[in-house]
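Please walk me through this structure in the viewer, one selection at a time. For each stop, tell me what to select and what is there.

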Amino acid sequence: MGFNCGIVGLPNVGKSTLFNALTQSAAADAQNYPFCTIEPNTGRVVVPDKTLHNLAKVAGAERIIPTQLEIVDIAGLVKGASTGEGLGNKFLSNILETDAIIHVVRCFENDDIVHVNGRIDPLSDIETIETELMLADLESLNNQIKKLEKKVHGQDKNAAKLLSDAMAIKSGLEKSIPARDQEIDSTPFNLLTKKPVIYVCNVEEASASTGNKYSDMVREKFALVAPVLIISSKIEMEIAQIVDTDERKMFLNELGLNESGLDQVIHTGYDTLGLQTFYTVGPKEAHAWTITKGMTAPQAAGKIHSDFERGFIRAEIISPDDYIQYGGEVAVKEAGKMRLVGKEYVMQEGDICHFLFNV
């Protein structure tokens, strides 16, 4: 698994249409009325990886196992969702299970598609969603603070530090500062507003390559603090129907686009979450694995199996360029291009690894 993200936004902003397009499926019932998503739909898409396929070709691998992006289409939130309005805070809990939030913002005009607030105002829409997430976080923090106060009375020193942090974070939330923008680490409290957000401006087809006045508003307000993508969900639906790679590329070029919305989301998600890929390659399978930047070789080995990390001895590392240039592992070793690394080695993007362990 690569990473998972939840698609959020007000009703009728194009969330389910975008979900359908990104997952190349019709799992979500994208209809023109609020709350058409009754249960959170989940889809998985393969992360495009030319390097993996090139490595598999050199190795003659029987199977290719790419990493995946999991997308959850979460029902439209409305003002008051944190207290049960609309479909209530049931769906707020779904966001807690994701690594990142894709916040879809309506940046198109269409009289045939109703807006829950009766007007197109992307900044107001974003504020509504962010406010509901912060209100939900405040409720969660208040409950955690009560429990921590009891532990503090029991002379729990660790609880005292956590209580101090919780109170400081709560103060920030009350000033409309999401947890992700506060200096104090809120990780122990599992808050919604701690999760990184990617804003997706859903524009009409004609504005897919340039954006429009509404997406410009979002860029001006948030581009310095979070990624802002310009995507037309309708165009993405068309792209999803094109199977041939060359034909898809030609279609994108005709629209003045360099890559699809899916590719934008994947690249931005990896950058936002600080992720990278390493590979295990052999005649049986070529496998891509996703890890966090800065992980050591034993931690990466643990992504394959906990025993690999627990009994880690060393790792054999080959760069993908060398693997392809020399034509496989044996030739790389003969050329003296394989490295032996220990427990302190920090993984690099694209490393091909063979882990040696003893349990």
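Start by selecting Glu130, which is buried, with a relative accessible area of 12%. Buried means under 20% relative accessible area, exposed over 50%, and partly exposed in between, with a 1.4 Å probe and protein chains only. This is a predicted model, in which local features need pLDDT of at least 70 and side-chain atom pairs count only at pLDDT 80 or more, while totals for chains, interfaces and linings use all residues. Residues are numbered from 1 along each chain as its sequence is written, and side-chain values use heavy atoms, with hydrogens and water left out.

Now add Arg180 to the selection. Glu130 and Arg180 form a salt bridge, with their closest N and O atoms 2.9 Å apart. Glu130 lies in helix α4 and Arg180 in the loop between α5 and β6, so the pair ties together parts that are 50 residues apart in sequence. A salt bridge here is a side-chain nitrogen of Lys or Arg within 4 Å of a carboxyl oxygen of Asp or Glu. Helices (H or I, at least four residues) and strands (E, at least two) are DSSP runs, numbered from the N terminus. Arg180 is partly exposed, at 22% relative accessible area.

How many salt bridges does a search of the whole structure find? The search gives 9. For another one, select Arg119 and Asp121, whose side chains meet at 3.8 Å, N to O. Arg119 is partly exposed at 43% relative accessibility, and Asp121 is partly exposed at 22%.

Next, go to helix α13 (residues 329-334), where Lys333 and Glu329 lie 4 residues apart, about one turn of the helix. Their side chains also meet in a salt bridge, at 3.1 Å, N to O. Lys333 is partly exposed at 39%, and Glu329 is partly exposed at 29%.

Stay with the loop that holds Arg180 and select Ser176. Ser176 is in the loop between α5 (157-174) and β6 (197-202). Its phi is near 65°, a positive value in a residue other than glycine. Most residues other than glycine have a negative phi. Ser176 is exposed, with a relative accessible area of 53%. In the loop between α5 and β6 you can also select Asn190, which has a positive phi of about 50° although it is not a glycine. Asn190 is partly exposed, at 44%.

Then select helix α1 (residues 15-23), which is mostly covered: 8 of its 9 residues are buried. Among them are Leu18, Phe19 and Leu22. Gln24 follows α1 and has a positive phi, near 50°.

Move on to strand β8 (residues 275-281). Is this strand mostly covered or open? Strand β8 is mostly covered, with 7 of its 7 residues buried. In a regular strand the side chains alternate between the two faces of the sheet. Leu275, Thr277, Tyr279 and Val281 are buried on one side of β8, and Gln276, Phe278 and Thr280 are buried on the other.

Add strand β9 (residues 285-292), which runs antiparallel to β8 and is joined to β8 by 7 bridges. Two strands pair if DSSP finds at least two bridges between them. β8 and β9 form a hairpin with 3 residues between them. To see one bridge, select Thr277 and its partner in β9, Thr290.

Finish by selecting Lys147 in helix α4 (residues 122-153). Lys147 counts as exposed, at 59% relative accessibility.
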